[in-house]
Amino acid sequence: MRFSDLMKASNNFHKDNIIGSGRTGTMYRAMLPDGQVLIVKRLQDSQRLEKEFASEMNTLGRLKHRNLVPLLGFCMAEKERLLVYEYMEHGTLYDQLHPLESEASNMDWPLRLRIGIGAAKGLAWLHHNCNPRIIHRNISSKCILLDKDFEPKLCDFGLARLMNPIDTHLSTFVNGEFGDLGYVAPEYPTKLVATPKGDVYSFGVVLLELITGEKPTHVSKAPESFKGSLVEWITQLSSNSLLQTAIDKALVQKGLETELAQFLKVACNCVLSAPKERPTMFEVYQLLRAIGERYHFSTDDEMLVPSNTDDVNFPDELIVAQGEQFEETGKIVV
């Protein structure tokens with residue numbers, strides 16, 4: 001797409017058109033002359049050569065899934081690198097969960113659960129079913145967009161380094177960039193290698209945001225003396241057998257106790273400090289789907305059981321917690 005057209009559509013990237021911004025760049029609302037509304041992401045300091053960038057964008061443009069934001073096009077102009085996405089009416093999950101301080105989020109439990117399941121499905125697809133398989137590396141509630149029906153869709157997956165087909169579990173960092181504060185797996189600063197389990201940790205923080213209503217780096221319900229992250233607060237509550245007090249009071253109502261406790265347990269397992277103890281994204285999706293079974297959420301685009309047996313190594317406590325059965329074939333019976 002032409003740079004001049006995107007400049008005009010976004011009113012010269014005017015600040016009033018900013019939808020969100022993060023480590024990788026800024027997203028703008030843009031309107032074409034025919035009235036079509038788009039998201040234009042202006043990348044920061046992209047060092048990719050034109051040929052390399054175009055090749056990667058063409059690969060990523062072919063990836064289609066219900067829970068990924070469709071990449072419609074891209075633009076290269078001198079040092080500028082822009083991505084063009086389908087517009088999502090309800091913006092980011094972060095903004096919906098954490099509105100202005102004077103307001104409270106009006107997202108009820110079934111909606112939060114549905115968003116968690118859909119986002120988990122999209123990330124699990126990238127990890128397990130997509131070809132080439134992709135580590136996102138930058139999961140946060142700011143890169144989960146919500147369409148007019150509040151269906152969650154992951155963006156920024158196009159900025160992940162594609163998983164090496166020879167070694168599908170590793171992806172090195174560039175320039176020591178780890179991701180957004182509060183979402184970074186504890187092993188990343190020392191190992192300097194991105195893995196699927198690092199994505200699981202980041203997604204666990206998103207699940208904690210959904211159930212607690214708290215921000216990843218600032219916990220309003222914690223004592224004033226507490227200066228830690230959301231994960232550190234959850235860990236502290238857990239060690240004092242106070243984990244249930246973390247649940248957003250707006251969600252607590254009769255009949256939901258079991259669902260909320262199960263969801264919180266899945267989130268806590270995702271943010272365990274040891275990567276090997278965390279579930280895979282396929283497991284996370286199946287566990288969340290089991291919690292939401294009674295709501296009859298849409299089951300289109302079902303995940304395929306990963307062919308790699310290492311991807312379906314279920315921790316016993318997770319299966320027991322959800323009352324699931326695990327067949328010898330490696331399939332999950334919910």
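Begin the tour by selecting arginine 42, a partly exposed residue whose relative accessible area is 26%. The coordinates belong to a predicted model. Next, add glutamate 80 to the selection: arginine 42 forms a salt bridge with this residue, and the closest N and O atoms are 2.6 Å apart. The contact links distant parts of the chain, for arginine 42 belongs to strand β3 and glutamate 80 to strand β5 (residues 80-86), with 38 residues separating the two.

**Strands β3 and β2**

Keep β3 in view and select residues 37-43, which make up this strand. Adding β2 shows an antiparallel pairing of the two strands over seven bridges. To inspect one position along the pair, pick alanine 30, which stands opposite leucine 38 in β3. Then move to the hairpin of β2 and β3, where five residues lie between the strands. Within this hairpin, glycine 35 may be selected for its backbone: its phi is positive, near 95°.

Now display residues 25-31 alone, the extent of strand β2. Is this strand largely enclosed, or is it open? Five of its seven residues are buried, so β2 is largely enclosed by the rest of the structure. Buried here denotes a relative accessible area under 20%.

**Strand β1**

Continue to residues 18-22, strand β1, which pairs with β2 in the antiparallel sense over four bridges. Select glycine 20 and look across to β2, where methionine 27 is its bridge partner. The connection between β1 and β2 is a hairpin with two residues between the strands.

**Further salt bridges**

How many salt bridges does the model contain? The count comes to 10. One of them is found by selecting arginine 2 together with aspartate 5; their closest N and O atoms are 3.1 Å apart. Colouring by accessibility shows arginine 2 as exposed, with a relative accessible area of 56%, while aspartate 5 is partly exposed at 35%.

Proceed to lysine 148 and aspartate 149, another salt-bridged pair, in which the closest N and O atoms are 3.8 Å apart. Lysine 148 is exposed, its relative accessible area being 55%. Aspartate 149 counts as partly exposed, at 47% relative accessibility. As a final selection, take Arg66, Arg114 and Glu151, which are joined into one network by salt bridges that share partners.

Definitions and conventions:
Residues numbered from 1 in each chain as written. Predicted model: local features only at pLDDT ≥ 70, side-chain atom pairs only at ≥ 80, totals over all residues. Heavy atoms only, no water. Buried < 20%, exposed > 50% of the residue type's maximum accessible area, 1.4 Å probe, protein only. Pairing = 2+ DSSP bridges. Salt bridge = Lys/Arg side-chain N within 4 Å of Asp/Glu carboxyl O.
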